[in-house]
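Here is a friendly walk through a structure you may not have met before. Have a look at the sequence and the picture, then read on.

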Amino acid sequence: MTATHFDRRYLLMAAVGVFVSLIVIYPLWQVLFRSFLDAGVLSLKSYQKVFSYPSYYRALLNSVWVSCATGTLCMVMGTLLAFLVIRTDLPFKKTLRTLLVLPYALPSFFAAIAWIQLLGPQGYLARLVLQVFGFATVPWSIYGAGGIVFVLTVHYFILVFITVAGALERMDASLEEAARASGAGTSQIMRQITLPLVLPAIMAGGLLAFIGALANFGIPALLGMRARFFVLTTSIYYALAIPDFGLATALSSMLVLVALLTMALQFGIQRGESRFTVISGKAVHPSELKLRSLRYPLFLLISAVVVFISILPILSMVLTALMRYWGAPLSAANLTLQNFIYVLGFETAQRAIMNSLFLAGVAATAAMFVGTVISYLHVKARLKGSRALDFFATIPYAVPHTVIAIAMILAWAKPPVSLYGTLWIILVAYLAVYLPFAVRTTNATLQQVHDSLEEAAKASGAKLFPRLRDIILPLARPGMIAGWILVFMPALRELTVSILLYAYHTETIGVVVYNMQDAGYREIAAALASIVMGLLILGNTILRKLTGGVAGF
Amino acid sequence: MNKFSHKLSLTLLAVCGMLALTCAVVLAQAKSPGRVLLYTSVPQQLATQFADAFMKKRPDVKVEIYRAGSTEVGAKIAAEREVGGIRADLLWLADAPVYYDLRKRGELLAYISPESKAIPADLKDPKGYFAAGRLINMIIGVNTEVVPLKDAPKSWKEFPEHGKKAVMGNPLYSGSNFVTVAAFVKKDGDWSWFERARAKGVAIVRGNSEAATALAGKEFGVAMTLDYIVAGLIKKGAPLATVWPSDGAISVPSPIAIIKGTKNPTGSKTFVDYVLSKEGQEFLVKQEVIPVRDDVKPPAGQPSAKQIKFMPIPYEWAADNAPAIREKFEKTMLQ
């Protein structure tokens, strides 16, 4: 066979390169070059607008600091919780873990609504505090920068939590044990061994949280306006309402630029990645840290956190779904199952659930598959040009979903290849939107896999596909499952891309929820979102039962 | 061939198969003769039920609905324009200035429906490029548990006096709010109403449904919002009331128009006829919508189009000065 002379990995890279070009580069280019056009002529007018209107550059600065604050808080919160839930002997760890991940299934504007319902001026918790402490008004405000950072953190810390939890589970215990044997104390081990080992995961998760906050629209749109606090995404939406494509894309380019600078920064920090490679193929689970007298106090503390950030918002949504109308006083007379009955009998909603399950399942699987290949080519094979591939595959994460949807129309709505009006254009858009999740999470996983394993297989004569199948995939699997969940959950409730791309009979859950909400039927929208939440919990329980707790969240 | 690459090629084959199947479905759809595609911002259930009623009467025409907010429909149309033209056959939005823009671009098909005789002249384009399909009205919604009805504002002039208890939607997001801002500015000749509202602390939220739900949630006592949303909440038991302001409600006609590039002009015309017909308007009345025809009675408890005092809306001025109006609003209310 002549194949031995030809590195098949280049073939793999070419295939993935075509995929990324069609799904990411070509569509986004269609939007980008329009930001340099003014009435068909090349011009920088749109960029001039961005920097000459104070409201736009102020929005840029707001976006940057809100995302920095959110990213930092997410890293602290996600890492601490992941450590406690994975590495200690806390009781009910599995349940706590599931409950912590669950609120990620809330559409972000529902998360905002739930928090308004809890902490807003008329919120349940706010009224409770007023009654108990006798204040005239609550000493906080959910509307404004503080509220936005809080809700974004609660919404996105999961990205850090899941990636760090995966890294902690895969960690080689021998290093810690060696340190312990040499007489190092627990806190010294944590600081000098454990923390540096999971640092790539913390950074990867933090970056996802940072960019997620940067590109989020629903939360600042609902919480910022009353305090006259604007960010880039809300300004982009204005530009689209005008509609001024040039301005919208110029603003989006700013957003992408901020994200890229942050990625470059992260890359700079992580130079010398080999320090972190620890998985060497041995299945040794790290030891549990005994909390001793702190076990129950910490359990109570975490339970309180879980109740506050997971259970209360979800309950608040379910409660909304049970109300005759939003804002009705809590009383038996105002509770009804009518909204659930309506949604279950609503043909469009049934179809939307099927469409979304299909789209989210295919998008998550395909994105993870391609993402793992890209990650392998970049992190392990280190082929020339693979870094560019990794880079392009990550860009869409920083592009507002509305802009991605427009890019897809511009790229895939004209003959000869018109996917417009079918489910496939939504799928293509989802792949672009979620590919970055796949790449970033598997990058963190593969960075921990030592090169020696694949090299040994290669030396023993294993070809590329067997190597991928027998070495890389099994080691990357926990990270891939975590990544799959990180794609599936948001894809199931995706709203902004779908609303521009759906057509008759290709409605998604997000579309139905949005249209109900928009007509003032918040309780019906909440009923549908609750049903989706229920499906997720059910699906997770079945998956866990079937796989003996290996898969699921 | 090993197992892994075997699986891979099988997957690829399956994907290709699915794509081919879809293309076939798309082609089949394109061929179906009686299809009309409607882009609308009319609430989902209302649009669906209305289309169903129409299709019962005209089974030869199949109406397919794309429903989203005005901004989304606008962005979709703008993107489609870049790649070969607007795909919709019919457009039914609440954003009247959009139609002036479309007319200027020559993207609308002129059609004077025989039914439009019964529609007042100020609710239709003289050349038949569009005609109001329903009326939605910007009114003052009151939560009577927060502000007793006797203390509620009777006019737009009094509205800002309720300061932090008052809320309105953002014209940068919502078409009907944009029209309202234009009407206020044109009537006063200046931005004094907004300067006063800003000074008193009137809150701005995203759009009319958010203003109405925040009102029902007792976060505010009075709201500038749309009549049918308040009527819907009252029907569900919320302690709300509607005040028709003495200085004139803003009636936002929600026009229906046919897109010039339609492949089914006949089917599109029959739909327009049905929207403007007595039967169509009577169907809308059952859904709390105020009719555009003089010969159709308004919903119970609602005034008829003739009884309401309306503030004139400067459409062409608003369409021509849209960027300046948006910018000035942003400076006055949002910075």
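## A first look at chain B

Let's start with the parts list: chain B is built from twelve helices and ten strands. Keep in mind that this is a predicted model. Its overall scores are ipTM 0.82 and pTM 0.85. For chain B, the mean pLDDT is 87, and 90% of the residues reach 70 or more. One stretch to treat with care is residues 27-31 of chain B, where the pLDDT is below 50 and the model shows zero contacts beyond near neighbours in sequence.

What are the dimensions of chain B? Its C-alpha trace spans about 80 × 55 × 40 Å along the principal axes. Chain B has 335 residues, and 49% of them count as buried. If you take the contacts in chain B with a separation of 6 or more, 75% of them join residues 24 or more positions apart.

## Two domains

Chain B splits into domain 1 (12-134 + 253-286) and domain 2 (136-251 + 312-334). Their centres, taken over C-alpha atoms, are 29 Å apart. Where they touch, twelve residues of domain 1 of chain B are in contact with twelve residues of domain 2 of chain B. On the domain 1 side, helix H3 (70-82), helix H4 (96-104) and strand S10 (250-259) of chain B each supply at least two residues. H4(B) gives the most to that side, with four residues. By type, the domain 1 side divides into six nonpolar, three polar and three charged residues.

## A strand with two partners

Now zoom in on strand S6 (residues 166-169) of chain B. Which way do its residues point? Ala166(B) and Met168(B) point one way, Val167(B) and Gly169(B) point the other way, and all are buried. That fits a general pattern: in a regular strand the side chains alternate between the two faces of the sheet.

S6(B) pairs with two strands, as the table shows.

| Partner of S6(B) | Sense | Bridges | One bridge pair |
|---|---|---|---|
| S7(B), residues 203-205 | parallel | three | Met168(B) and Ile204(B) |
| S8(B), residues 222-226 | parallel | three | Val167(B) and Ala223(B) |

## Where chain A meets chain B

How many residues does each chain bring to the contact? Chain A gives 42 residues and chain B gives 50 residues. On the chain A side, the elements that give two or more residues are helix H11 (232-241), helix H17 (401-412), helix H20 (464-492), helix H21 (496-501) and helix H22 (509-518) of chain A. The chain A side divides into 26 nonpolar, nine polar and seven charged residues.

## The largest core

In general, nonpolar side chains tend to be buried together in soluble globular proteins. Here, the largest nonpolar core has 304 residues, and those with the most contacts inside it are Ala363(A), Ala429(A), Val487(A) and Leu528(A). Helix H18 (residues 423-447) of chain A gives the most to this core, with 18 residues. Chain B joins in too, as the core draws at least three residues from each of domain 1 and domain 2 of chain B.

Which residues does Leu528(A) touch, leaving aside its neighbours within four places in sequence? Leu528(A) is in contact with Val343(A), Ala349(A), Ile509(A), Val512(A), Val513(A) and Met516(A).

Terms used: Residues are numbered from 1 along each chain as its sequence is written. Chains are lettered from A and ligands numbered from 1 in the order in which they are written. Two residues are in contact if their C-beta atoms, placed from the backbone, lie within 7 Å. Ala, Val, Leu, Ile, Met, Phe, Trp, Tyr, Cys and Pro count as nonpolar, Asp, Glu, Lys and Arg as charged, and the others, Gly among them, as polar. A residue is buried if 20 or more other C-beta atoms lie within 10 Å of its own, exposed if 12 or fewer, and partly exposed in between; C-beta atoms are placed from the backbone. Two strands pair if DSSP finds at least two bridges between them. Domain bounds come from an automatic or database domain assignment. A nonpolar core is a set of buried Ala, Val, Leu, Ile, Met, Phe, Trp, Tyr and Cys residues joined through C-beta atoms within 7 Å. pLDDT is the predictor's confidence in each residue, from 0 to 100.
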